[in-house]
Amino acid sequence: MSNIEQDTSRYRQIVRGKIKQNLRRYMTDGQLIGRQGKDLVRIPVPQVDLPHFTFGKSGSGGVGQGPGQPGDILGQAQPDQGDGEGQAGEAPGQHLLEAEISIDELVQMLAEELELPRIQPKGKKNIQSDTTRYTDIRRVGPESLRHFKRTYREALKRQLMTGEYNPQRPVIVPVREDRRYRSYETKPVPDSNAVIVYMMDVSGSMGEREKRLVRITAFWIDAWLKSNYRNVHRRYIVHDAAAAEVDEETFFHLHQSGGTKISSALQLCQQLLQTHYSPNDWNIYLFQFSDGDNFASDNDRALEIMEEALLPAANLYCYGQVDQRHYSDSFYDVLADLRDIENLVMTRIPNDDAIYDAIKVFLGKGK
Amino acid sequence: MSFATALPSDLYAIEQEILGYARDAGLDFPEVRFLMLDYNQINQVAAYDGFPSRYPHWRFGMEYERLRKSYAWGLHRIYEMVINTDPCYAYLLASNLIIDQKLVMAHVYGHADFFKNNLWFAHTNRRMLDDTANHATRIRRYIDKVGLEEVETFVDRCLSLENLIDVHGPGILRQPSRTDGPVNEDEHPGRLPSEKGYMDAYINPPEYLESLRQKQKQEQSKEKKFPINPQRDVLLFLLDYAPLTPWQQDVLSIIRDEAYYFAPQRQTKIMNEGWATYWHSRIMTRQALQPSELIDYADHHSGTVATSPGRLNPYKLGVELFRHIEDRWNRGAFGPEYEDCQDQRMRANWDRQTGLGLEKIFEVRRIYNDVGFIDEFLTPEFAEEQKLFTFRYNEHGDHYEIASRQFVEIKRQLLFQLTNFGEPLIEVTDGNYQNRGELYLVHHWETIDLRVDWAQATLENLQALWSRPVHLETTLADKGIALLSFDGKQHTSRLLQKAAG
């Protein structure tokens, strides 16, 4: 690797570190939404520059050249007193740094930052298969698998300890106990089938802001689950007083108004699972977003479906309530009765900042 | 450089041709060696400030990434690069047209002449090519010894203080930071020997002795002040007095040497580029250009001197000012008689047939730097002809806007941004502040405040080198004289003097 490449890769490392520090901010950047895992996204990096004593912005002025009257705005061109070689006037302006990074990498960083556990798929022996890899070391084994380096090291250690080692004549003779052999480990191949069902309340009370919160949260959940399962099915359900299954595009852009019956969505979800996704073969992740403002009369029905059909089937049932002001008797409070059920996770997402924490709550269980 | 290739024969012929024109025109330069690089190599060399090797540091990687991307996106293209060494090395981009190579060669001879003859370069190290390579080796060795993270952090810190040098230092003798030699500890200064006791009061009048003692005391207290005189070369001060390990000292001295090496180039950017542009334009249009190459030449030359509103093009300003000077001295439009003439028309048509233009610009390239160049030769006529203006940042609209077309304003702003590279003037005034070994710096405030968050971050770096608390005295326009301090754990700031009103 040439020197400049070393410098460049060191620089990239530093940029990655910066991104990780500011992950919370980037996550809520709406531009990232809708990108695929391998897509490179450009995100602005704050100040990888070296600070020095310099003048503040109020002092930044300069001399320019060209037509115009005092008071005229100088385009969007960032005045730059710095100079680059080569063609002046065409040199890029301020060194606004943008790092290119793939969504996959961001998700990886997110996982590290949030300390998200590796997902544990439901134990289903019939689907799970074991593979073996020769990554282990044992004291016994066939000579053909003898690990020469390890054996040598053990012998050296022993001779040093017993004082047999002579630096003038460094002869290392392994004995039986020094021998080390390569061996295999059994690794389960995780079951890779997963389905995510998103349910969103699109009733009149869910505004643009609320949908944005849902969208960003859903995007990162999606990205995370995709990086854990090779094959993720996604289904989208929207509901007001009645529910319908829609495609992704519609899910995020639909405007609707009307009352709210959460049970309608739950019921549809139940049907969906029954027809397509048997809990025996699928890892099921259910995410429900609402502002929590449900018809009071509907709550019992919703609870019943959840308790009897959905919760037993799902790996994880996540409920995110995107309310700015907390309604009393919201669905969140209704679900409080079920709090003890292990695979139910609830959180409130009142603003952008809460998204980060919501994801941690949702995925932190590693189910 | 191992990967560079020598010139092919057709370019060699061109080189010889242009070299002849340049020598005939009176340019005086050391041998210039041209090397061909592809765009990737030229970006690499550009990231290293023109040198084939530098010490390992991420900022070169950052610059390389930036150059590589902007080249890939077609935003810019490096035509030429030349370094101030003897012999002079210049790089040509292999994918350029022959006409570009001609232009670049003529341009490079201009730079080489400037490097050799301009006074501000007199103290630069012409064997810097070897030295940067040695610096790289030394810093690599330290990395192997104490680890990348530690060396890198230290280099970062040094670089953050890189601009605290004394640009005029190499050229003049400054007052030392500390007097050498033993301090005069004579208990009775000035006492004359008196053999007879009764004469003593006459030979050594007590009042006189007392006054001498007072004087000595004063001088001693002055000597206790450290440094005796404010020091602008903060890096040197740190090298001399900061508690650094040997490797840290060496790294700091490397950073300082390189800062001094590059300083004249920043001091003469406008002149240097102007001079090179003047000569490529003159050589090309008078001699080297073939009729078939005219359009390409005009295109690329105009790209070089193109202006954009928010940015002063040093190529353009420099070449126009040199031409302006040449024209004035050709016409004899200088001296008291011309200066006193108030009649605009007479001034414009002034012609004494003196023909001193060329001679004058050669003199100018020898003795001025950008500050003097602008101070001496920027005229109201020139500012108007070149449509110069000042701009400022508008806080309400978060944009830049044209502030003024007044000559006085333009000149003031230009000089301001050129003086000390448009960076704040900061000196060490006390290396033993409060008699506790704390470092005290003073910023000489001239109407513009420091960027406080960066100043604090820089203080952190300074503190890490000095190891005792550090202080920076500066002025905040709306608050007064403030003292920013960092003691290694936390920042404090207090007002030393409230702003009037």
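Among contacts in chain A between residues at least 6 apart in sequence, what share joins residues at least 24 apart? The answer is 79%. Keep in mind that you're looking at a predicted model. Here's a quick tour, starting with chain A, then moving to the cores and the place where chains A and B touch.

**Chain A at a glance**
- Chain A has 367 residues, and 30% of them are buried.
- You can count 10 helices and 11 strands in chain A.
- The domain assignment splits chain A into domain 1 (1-49 + 96-115), domain 2 (129-188) and domain 3 (193-363). Notice that domain 1 is written as two stretches of sequence.
- Measuring from centre to centre over C-alpha atoms, domain 2 of chain A and domain 3 of chain A are 54 Å apart.

**The nonpolar cores**
- The largest nonpolar core is made of 80 residues. Inside this core, C88(B), A90(B), A106(B) and Y109(B) have the most contacts.
- Its top contributor is helix α4 (residues 98-117) of chain B, which gives 10 residues.
- Why does this core lie between two domains? Domain 1 (9-118 + 268-299) and domain 3 (305-418) of chain B both give residues to it, so it sits between them.
- Take A90(B) as an example: leaving out residues up to four places away in sequence, A90(B) touches V32(B), F34(B), E80(B), M81(B), V82(B) and V108(B).
- Apart from the 80-residue core lies another core, this one of 64 residues. M206(A), Y229(A), I262(A) and Y285(A) are among its members.

**A buried helix in chain B**
- Helix α9 (residues 234-241) of chain B has a run of buried residues: V234(B), L235(B), L236(B), F237(B) and L238(B).
- What covers them? The cover over the buried residues of α9(B) includes α10 (246-267), β6 (425-433) and α20 (452-466) of chain B.

**Where chains A and B meet**
- The contact takes 51 residues from chain A and 71 residues from chain B.
- On the chain A side, α1 (3-21) and β2 (61-65) each supply at least two residues. α1(A) gives the most to that side, with eight residues.
- Sorted by class, the side of chain A that touches chain B has 18 nonpolar, 25 polar and eight charged residues.
- Strands link up across the contact too: five bridges join β2(A) to strand β4 (residues 388-394) of chain B, and the two run antiparallel.
- Which residue in β4(B) is the bridge partner of Q65(A)? That partner is L388(B).

How values were computed
Residues numbered from 1 in each chain as written. Chains lettered and ligands numbered in written order. Predicted model: local features only at pLDDT ≥ 70, side-chain atom pairs only at ≥ 80, totals over all residues. Domains from an automatic or database assignment. Helix = DSSP H or I, 4+ residues; strand = E, 2+ residues; numbered from the N terminus. Buried ≥ 20, exposed ≤ 12 C-beta atoms within 10 Å, placed from the backbone. Contact = placed C-beta atoms within 7 Å. Core = buried A, V, L, I, M, F, W, Y, C linked by C-beta atoms within 7 Å. Nonpolar A, V, L, I, M, F, W, Y, C, P; charged D, E, K, R; others polar. Pairing = 2+ DSSP bridges.
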